[in-house]
Amino acid sequence: MHQITNETTRIGGFDFAAAAPRSQWVEVNQALESLEQAKTALRAMGKYVPMDLVRLLYQTRTDPVLGGTLSELTMMFTDISNFTTLGEQMSPNDLAHFLGLYLEAMARPIHDTEGNIDKFIGDAVMAIWNAPSAVADHPLKACRAALACHATLQALYASPAWQGRAPWHTRFGIHKDLVDVGHFGSPDRMSYTALGDGVNVASRLEGLNKQYGTTILVSEAVYESARHQFNFRRIDRVAVKGKTQGILVFELLIERLPEGLVERYEDALAHYFDRQFQEAITLLEGSPTDPPSQKLLARCRHLLEDPPPPDWNGTYVAVSK
């Protein structure tokens, strides 16, 4: 009985290591076998949903029920550029193998910063911070995770495990907002996830990287929380696809850009917002190799020839994801 009590205590403490040698008593062996099966089930559950959630349900002895609560989360979406084309060039076995290496490299920094992977969507990752357990400074930790994911991936691509293949380019979008988080789906098949407009914004920010030639884009809410810890530049005011109201969008810089480039770009953006397109063009022409500068330069040249209406406020309306 003492051995059963020890095993029960270990399960309560979420220690799922294998049990010590069995007792000679048949009844005790059967009870220990049942506990081993319970630990195996809990370990398996932790592979599919956040372990914090498993622990919470176990400790409160509650079953998951449909519904959520309004909570402030930081959400990150990632995607691999041109992954469909990459997949067509690989055998199914190779694709599964290298995608596994990639997702493992992505998962570690997320977990190390107290984030939880909400789901894998093929090559894409959705991660959340501040649920199911509270996480202090979650916007900072999401930014730190994105930078660490990028660094970890570069190390993977340079390692023998990648077998000399071309690196994959990953885009990141990060947003902080009030969203509904909880159990959603049907009574017999639930998913612990977040729903709401803020989730869509995070996803759209990831996609905007394609238009600006950037790697990590964040919302103003994330920028305001993390601007003293990381380097950013203001990129644009954008109404993401499906939205009419614009939000300020910032680039989380992976490395320092050439001297003066950030200041020159942000000054040009201010002139753009003030309808001073020629002044913006003059500044942007000094950054011929910077993709966001070239994107804004083309827009300013167009607006100089075809001025916007009087009620224009500088918001760029994205028509694609």
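R275 sits in the loop between α9 (261-273) and α10, and that's a fun place to start a tour of this predicted model. Its phi is positive, about 70 degrees, although R275 is not a glycine. How buried or exposed is R275? With a relative accessibility of 34%, R275 counts as partly exposed.

**Other backbone spots to look at**

D137 also has a positive phi without being a glycine, with a value near 55 degrees. You'll find D137 in the loop between β3 and α6. P132 is found in that loop between β3 and α6 too. Check the link leading into P132: the peptide bond from A131 to P132 is cis, and its omega is near 5 degrees.

**The big picture**

Let's zoom out. The protein chain has eleven helices and nine strands. Of its 321 residues, 45% are buried. Now think about contacts with a sequence separation of 6 or more: residues 24 or more positions apart account for 67% of them.

A318 lets you see a contact of that long-range kind up close. This residue is in the segment after β9 (316-317). Its C-alpha atom is 6.8 Å from that of V238, even though the two residues are 80 residues apart along the chain. Which residues does A318 touch, leaving aside neighbours within four places in sequence? They are L208, Q211, V238, A239, V240 and K241. A318 has a relative accessibility of 5%, so it counts as buried.

**Two helices side by side**

Two packed helices are described by the angle between their axes and the distance between the axes. Try that on helix α5 (residues 92-112) and helix α6 (residues 138-157): the angle is about 145 degrees, and the axes are 8 Å apart. The crossing of α5 past α6 is right-handed. On the α5 side, the contact is made by L101, Y102, A105, M106, R108, P109 and I110. The α6 side brings in A145, A148, C149, T152, L153, L156 and Y157. Sort the residues of this contact by class and you get twelve nonpolar, one polar and one charged.

**The nonpolar cores**

In soluble globular proteins, nonpolar side chains tend to be buried together. Here, the largest nonpolar core has 40 residues. Which of them have the most contacts inside it? Those are Y102, I110, W168, I174, V218 and F232. Several elements give two or more residues to this core, including α5, α6, β1 (67-80) and β4 (170-186). Y102 and I110 may ring a bell, as both belong to the α5 side of the helix contact above.

W168 is worth clicking on. Not counting residues up to four places away in sequence, W168 touches I80, F83, L86, M90, F98, L99, Y102, Y157 and W162. Another core lies apart from the largest one; it has 25 residues, among them Y212, V249, Y272 and I281.

**Salt bridges**

Side chains of opposite charge can pair when their charged atoms come close. The structure holds twelve salt bridges, and the table shows some of them.

| Salt bridge | N to O distance |
|---|---|
| R171 and E206 | 3.1 Å |
| R233 and D290 | 2.8 Å |
| E285 and R301 | 3.0 Å |

Start with R171 and E206. R171 lies in strand β4 and E206 in helix α7 (residues 197-212), so this pair ties together parts that are 35 residues apart in sequence. Both R171 and E206 are buried.

Next come R233 and D290. Strand β7 (residues 232-239) holds R233, while D290 is in the loop between α10 (277-284) and α11 (291-305), so their bridge ties together parts that are 57 residues apart in sequence. R233 and D290 are both buried.

What about E285 and R301? E285 lies in the loop between α10 and α11, and R301 is in helix α11, so this pair ties together parts that are 16 residues apart in sequence. E285 is partly exposed at 44% relative accessibility, and R301 is partly exposed as well, with a relative accessible area of 42%.

One last thing to spot: salt bridges that share partners join D79, R171 and E206 into one network.

Conventions
Residues are numbered from 1 along each chain as its sequence is written. Side-chain values use heavy atoms; hydrogens and water are left out. Axes are lines fitted to C-alpha atoms, for helices over the stretch in contact, and angles run from 0 to 180 degrees between N-to-C directions. Helices (H or I, at least four residues) and strands (E, at least two) are DSSP runs, numbered from the N terminus. A crossing is left-handed if the near helix is turned anticlockwise from the far one by less than a right angle, and right-handed if clockwise. Contact means heavy atoms within 4.5 Å. Ala, Val, Leu, Ile, Met, Phe, Trp, Tyr, Cys and Pro count as nonpolar, Asp, Glu, Lys and Arg as charged, and the others, Gly among them, as polar. A nonpolar core is a set of buried Ala, Val, Leu, Ile, Met, Phe, Trp, Tyr and Cys residues joined through side-chain atoms within 4.5 Å. Buried means under 20% relative accessible area, exposed over 50%, partly exposed in between (1.4 Å probe, protein chains only). A salt bridge is a side-chain nitrogen of Lys or Arg within 4 Å of a carboxyl oxygen of Asp or Glu.
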